Amino acid sequence: MTSSNSLMDNLFQRSLEDLIKGFRLQLLGESSFISRALEEIRREIKSTDLSTKSTALRKLTYLAELHGVDMSWAAFHAVEVVSSSRFHPKRVGYQAIAQSFHDQTSVLLLITNQLRKDLNSVNEYEVSLALECLSRIGTHELARDLSPELFTLLGSSKSFVRKKAIYVVLRVFDKYPDAVKVCFKRLVENLESSDPQILSAVVGVFCELASKDPSSCLPLAPEFFKILVESRNNWVLIKVLKIFAKLALIEPRLGKKVAEPICEQMRRTVAKSLVFECVRTVVSSLSDHEAAVKLAVAKIREFLVEDDPNLKYLGLHALLIVAPNHLWAVLENKEAVVKAMSDEDPNVKLEALHLLMAMVNEDNLSEISRILINYALKADPLFCNEIIFSVLSVCSRNAYEIVVDFDWYVSLLGEMARIPHCQRGEEIEHQLIDIGMRVRDARPQLIRVSWALLIDPALLGNLFMHPVLSAASWVSGEYVEFSKNPYEIVEALLQPRTDLLPPYIRAIYINSVLKVLVFCLGSYFSAQESNSGSSSTVAFTYESILNLVNVIELGLWPLSGAYDVEVQERAKNVLGFIGMVKQEITEKVSLQDYDAEACRVTASMEDVFSEELGPISANAQEKVCVPDGLELEENLGDLEEICGEFLKPVDKISFSVSRLRIRDKQEASSSTSLPPGASSSLLAEHRKRHGMYYLTSEKNDPDSNGTPSDYSSTNDLASEILLDPLDPMRKAKHPKPRPVVVKLDEGHESRIIKQESVYDDESLSRAIQSALLLKNKGKERGKWERNSNLVAHEEESARIEKPQNSEKKKKKKKNGERTSSKHRSRRRSEVAASSEKGEVLDLLL
């Protein structure tokens, strides 16, 4: 009965082709169709008929691959199918195992014996299935148990099997490094194979090993050199060149040996792939060999003039590699690089952009930036933003070390913000504020550029430029003393179209209005008291101050009822301040009355904004000592669950002023409040106690004498720049010396330097080196044994020719044997030393 049911199930079972056709007919309800198919597969896979089971497993594998269905529940059924003696079910089982098994699969160890059986099979296709499965799911245990079988297959007479066994070696070595002791010798022997497929496979394995740890493959340099000279297979030569590119970096003497064969390959071959690999090997690892570099640059020039964008990209990429050490190679091909900026292929344009930025120095910065901005105006949005980001990154590198004229650079930032496709508002915002803090001489131009940005209507409707407007508004209020017309700044900050801005930026606008108002009132009162005019560049009159107060009051009154609480609070603070001082300004016109409340409040507000803000080191927090008893590592596990909504990162930082408290006249006269200027004395005391966290003041710092001696000089070769207007022989004429740029003590940044990548699994490297050491010792041991056998043979013949006749002769012979043993041991050590030295010399030279 059971056999008849199995026969009927097999007869009416849907195949994988039927399942695919059913999917194509399902326009809607695909999930329900998958559910029905899974129920059918679960029923069929329990069948005792192997054909039915394998067909169900095949359909399940398809669903898992294309539709993400979980098939971990069928792991044992896959083991059952793979144990079949027929090839078709075995292939289905191995495919399912390779696709679904992983290190935590519970039945993984059940296939060890089946893999061993198939690896020893006489059918090469079954061996191939087992090898492919081992390369996908090989674990430490499987690699350890199957290393002997893999060693046997590495010497198989069937090239199809041996080639796949060589590829599997890489996975086995990675999971079980001790397998190197078993298989490495046989793997090295395959380097001498005459079969091109086997040679390609074994060289590919060593190429991967060299990329992880080049030092482990250094003793095999003679074998690789032989392949480089004798092989005519381009793909084998490409992999050998990759190996030598790694080895030459750790052993410079190797470059003298391989430079000429690589140059010969470049002259002889017509394969572009091989030529490029030769070029990349020369420019990356053999840059000290001038003849090879010149030949490589000539080949690069051939790539640049090709019409194929792929070849042109490879030429630009090779120039980018050679640029740090040989900038003359880029300058020789400057026309091709500039022409590539107009190429249709985006990758070609991007590589050309990187090359241009590699040639920038302080002499040609303005010319190259002007050229790039012109390209950005005509480019597509993606490439336009790449150009802007490249200019911003290069100019701000190392505290703007290549920027000499900051007035020009601030104007350039304003131009970049007006480019239609610009989406780098956050980077421009950061640099506007950073330059204002670091470079005092750039603040007048910064005010002019900020005002121009604030009145530009196109920026108000551009979401990407809102951060730029935020920076411009903050700069306008923070450095208002450098403005020639503060009234224009107030009009720009209070224009009606600011309703388009988000609330956090409008709050910054209001705070900047308060700063401008305080500055104007303070200048006006100071001028009235001294009766000699204001010390600032702007002279305020009674009518101008009153007009300014009225404009601010009219502009902020609608904002006092704003929906956003931050905007509403700041608007009311400013209106409260205006309401206090406006009455006294309108009523008291005589000069002697200006020592009243309005003057005192304005002076207090000036003290609030008098402390100059400066840049803060990113590592300043690390200099703060942790107080005793403060727990930073304990009892914080549930902090995110308790107050997760308060721990979200803040995107923007607003500059706010605390709510002003104005006391009555009676309280002010009777209280013991701090006199005016006491806040400044407290700040000075705090600076004195915690000076290590403050920037050095330019007024008190004897080193801040305006000399640019602190800055490292740029690359002299980079002064030879590309275009005809930028003559390499001429020097840029700077109209004025470079201003002082505040730099921070970044001594702790050395701890954050990105370390070079090191191969984590050092056990594989040690295993390879020990295997090579045993191989060399085996050769030496063979030499020693031959020498000792020769000496023993001579002694035996001497015994036969000279019989022993007396006790004296026996004693002499014993003494002679002792002496000869000493000579033999000395001779062995000399042979070992000479052989080791000879191998090293042969290897490297």
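These legends describe several views of a predicted model.

**View 1. The whole protein is built from helices, with zero strands.** The predicted model has 39 helices. Its 845 residues include a buried share of 43%. Contacts between residues at least 6 apart in sequence were counted, and 72% of them join residues at least 24 apart. The exposed surface of the protein is about 46400 Å², with 53% of it supplied by carbon and sulfur atoms.

**View 2. Phe206 and Phe224 form an edge-to-face aromatic pair.** The structure holds 11 aromatic pairs. In the pair of Phe206 and Phe224, the ring centres are 5.7 Å apart and the planes meet at 70 degrees. The pair counts as edge-to-face because the angle between its planes is over 60 degrees. Phe206 belongs to helix H12 (residues 196-212), and Phe224 belongs to helix H14 (residues 221-230). With their positions 18 residues apart in the sequence, the two link distant parts of the chain. Both Phe206 and Phe224 are buried.

**View 3. Four aromatic residues form one cluster.** The members of this aromatic cluster are Tyr400, Phe406, Trp408 and Tyr409.

**View 4. Arg186 lies over the face of Phe151.** The distance from Arg186 to the centre of the Phe151 ring is 4.1 Å.

**View 5. Lys272 places its charged end over the ring of Phe303.** Here the charged end of Lys272 is 5.6 Å from the centre of the Phe303 ring. This counts as a charge over a ring because the cut-off for the distance to the ring centre is 6 Å and the position is also within 35 degrees of the ring normal.

How values were computed: Residues numbered from 1 in each chain as written. Predicted model: local features only at pLDDT ≥ 70, side-chain atom pairs only at ≥ 80, totals over all residues. Heavy atoms only, no water. Phe/Tyr/Trp six-rings, centres within 6.5 Å; stacked < 30°, edge-to-face > 60°. Helix = DSSP H or I, 4+ residues; strand = E, 2+ residues; numbered from the N terminus. Buried < 20%, exposed > 50% of the residue type's maximum accessible area, 1.4 Å probe, protein only. Contact = heavy atoms within 4.5 Å. Areas by Shrake-Rupley, 256 points an atom, 1.4 Å probe, with all protein chains shown as cover.
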